[in-house]
Amino acid sequence: KSLQKGDQNLNISPPPTMKIAQKLIEVSDIWKPFPIIVEALKSNIIQIKKDKDLYMEHLNKLLDFSDQIVSQMVKDQLPHSYVNLSGRQRMLSQRMILYFDRYLKTSNENDYFQFNNAQKLYDVTIENFLHDKMILEKPELLKLIEENHIFWKGYQEFINTMMDKEKEINEYITYIQENNINLLNTMDEAVWLYTDNSESKINFLKNFQYSAGIIALLIMLYSYLLTKDLETHINMFVQKVKNLASS
């Protein structure tokens, strides 16, 4: 804004040429989204740090549900296949945190793929438990699974929101990386225009000084010649006056 409009306090003048003014408008247009994106990026990074602490708390609760369900299945003497599936839920919870944490650090698509697979498998398994005839006949076990399911849905929404924030962060960073080069190049062009304008002024002043110097020399030479001519005429006049006086 100071470059575009000038600032007396900073001793900055408005653009000296239309080319520079237009180039500064280009810079301003490229720059406009940057403050918004940077603020959104900063906000998401701060929020995701807070969410990561909550994420670990939720994960521990999810693991506790798996342990309780396994214990209740053993107590209700369900087949080993059920116990194994519930034990796998615990393993899937741990896989989710592993790949989710890695994705937050590296943004690797394979980590996201592994995380998503673990999430889907966990979801399918708990849905199957809710509609399993054998489990429906076990009130205490069913209650635990229902509580686990309610908590899981909230947890799933929470981690998907975190994932969306991470995707936004990556998109913001990509935008800044791609457009920052354009911003810098356009600003460099403005700097060159200022440089060319300054050099033009300097060259004009130099040429003016040279021209003024030559003109001054010519004036001095002309003044000298004029003075000599006047001196000659005055001497002639004085001589004639003397001649007239003597005669």
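1. Let's start with one residue: Glu 26 is partly exposed, at 37% relative accessibility. Here buried means under 20% relative accessible area, exposed over 50%, and partly exposed in between (1.4 Å probe, protein chains only). Keep in mind that this is a predicted model, where local features need pLDDT of at least 70 and side-chain atom pairs pLDDT 80 or more, while totals for chains, interfaces and linings use all residues. Residues are numbered from 1 along each chain as its sequence is written, and side-chain values use heavy atoms, leaving out hydrogens and water.

2. Who does Glu 26 pair with? Its side chain meets that of Lys 23 in a salt bridge (3.5 Å, N to O); the term means a side-chain nitrogen of Lys or Arg within 4 Å of a carboxyl oxygen of Asp or Glu. The two sit about one helical turn apart, because they are three residues apart in helix H2 (residues 18-31). Helices (H or I, at least four residues) are DSSP runs, numbered from the N terminus.

3. Lys 23 is buried, at 13%, and also forms a salt bridge with Glu 189, with the closest N and O atoms 2.6 Å apart. That pair links distant parts of the chain, since Glu 189 lies in helix H7 (residues 139-246), 166 residues from Lys 23. So Lys 23, Glu 26 and Glu 189 are linked in a network of salt bridges.

4. Zooming out, the protein has seven helices and zero strands. Its C-alpha trace spans about 160 × 30 × 20 Å along the principal axes, and buried residues make up 28% of the 247.
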